[in-house]
Amino acid sequence: MNHRLLSLSLCAALVLALAPAARAEKADRNKPMNIEADALRHDELQQTTVFTGHVVMTKGSIVLRGARLEVHQDPDGYQSGIVTAEAGKRAFFRQKRDTAPGAPDEFVEGEAERIEYDGRADVVRLIRRGELRRYRGATLSDELTGARIVYSNVTDVFTVEGGAPTANTSAGGRVRAVIAPRETAPAAATPAPAPAPALRPSSELGGGKQ
């Protein structure tokens, strides 16, 4: 049997603990997990489900893709996921960021051999051959590479660690970053000085009659 679409019933059972508050939250960590895969194995006692085969997970604006995804729910109802890639490939992560009204959309996306999503802390970790990119609209703004990258959606803080050089890391184990300058509002134009009043000739000393 091909379990290609699993989000309607099985995934709903995994997120029931998040629903009782029933508030309209914008935070991705409060949104339900929807998962597609070729197969799954669920352990009710451990509250763990393993999805395998072309896995795609969405949770609000979060997207995770890989060969295997392990989802765990803690006693408080927070969900965490660990996605791993096929040998020689990397798993994928993408999330929309909150922006001011009228500002262009911003997205963060990354790749790594292993990606961990911590729903309680709202943190994503990219482990082994990590690469993180930030886009403003369709324009690439920042790009980070390292052995381990941690992104906190709550504090908007990125941390990147290097690692020992391996055959798969062309960066030699060092952190690399390309960071674009932030856009600033254009400076107000300085008004041109007012012209000096024109002098009128006078035929009398002192400019008037005595």
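1. Contact here means heavy atoms within 4.5 Å. This is a predicted model, in which local features need pLDDT of at least 70 and side-chain atom pairs count only at pLDDT 80 or more, while totals for chains, interfaces and linings use all residues. Residues are numbered from 1 along each chain as its sequence is written, and side-chain values use heavy atoms, with hydrogens and water left out.

2. Glu-106 lies in strand 7 (residues 106-112), where strands (E, at least two residues) are DSSP runs numbered from the N terminus. Leaving out residues up to four places away in sequence, Glu-106 touches Gln-95, Lys-96, Arg-97, Thr-99, Arg-134, Tyr-135 and Arg-136. Glu-106 counts as buried because its relative accessibility is 15%; buried means under 20% relative accessible area, exposed over 50% and partly exposed in between, with a 1.4 Å probe and protein chains only.

3. Two of these neighbours also deserve mention for their polar contacts with Glu-106. A polar contact is a pair of N or O atoms within 3.5 Å; within protein, one atom must be able to donate a hydrogen and the other to accept it, and residues adjacent in sequence count only if both atoms are side-chain atoms. The side chain of Glu-106 makes such a contact with the side chain of Arg-97 at 2.6 Å, and another, of 3.3 Å, with the side chain of Arg-136.

4. A second buried glutamate is Glu-131, with 14% relative accessibility, placed in strand 9 (residues 123-136). Its side chain makes polar contacts with the side chains of Arg-90, at 3.3 Å, and Arg-133, at 2.9 Å. Beyond four places in sequence, the residues that Glu-131 touches include Glu-109, Glu-111 and Glu-143 as well as Arg-90.

5. Strand 6 (residues 91-97) is largely enclosed by the rest of the structure, because five of its seven residues are buried. Two strands pair if DSSP finds at least two bridges between them; strand 6 is joined to strand 4 (residues 62-73) by three bridges, running antiparallel, and pairs with strand 7 in the antiparallel sense over seven bridges. In the first of these pairings Leu-64 stands opposite Phe-93, and in the second Arg-94 stands opposite Glu-109.

6. Arg-94 also lies over the face of Phe-107, at 4.1 Å from the ring centre, a charge being over a ring if NZ of Lys or CZ of Arg is within 6 Å of the ring centre and within 35 degrees of the ring normal.

7. The largest nonpolar core has 23 residues, and those with the most contacts inside it are Ile-35, Leu-64, Leu-69, Phe-93 and Ile-115. Such a core is a set of buried Ala, Val, Leu, Ile, Met, Phe, Trp, Tyr and Cys residues joined through side-chain atoms within 4.5 Å. Strand 4 gives the most to this core, with four residues. Outside its neighbours within four places in sequence, Phe-93 is in contact with residues including Leu-64, Ile-115 and Tyr-151.

8. The structure holds one aromatic pair. Tyr-151 and Phe-158 form this pair, which is stacked at 4.9 Å centre to centre with 15° between the planes; rings of Phe, Tyr and Trp (its six-membered ring) pair if their centres lie within 6.5 Å, and planes under 30 degrees apart count as stacked, over 60 as edge-to-face and the rest as tilted. Tyr-151 is buried, with a relative accessible area of 2%, whereas Phe-158 is partly exposed, at 24%.
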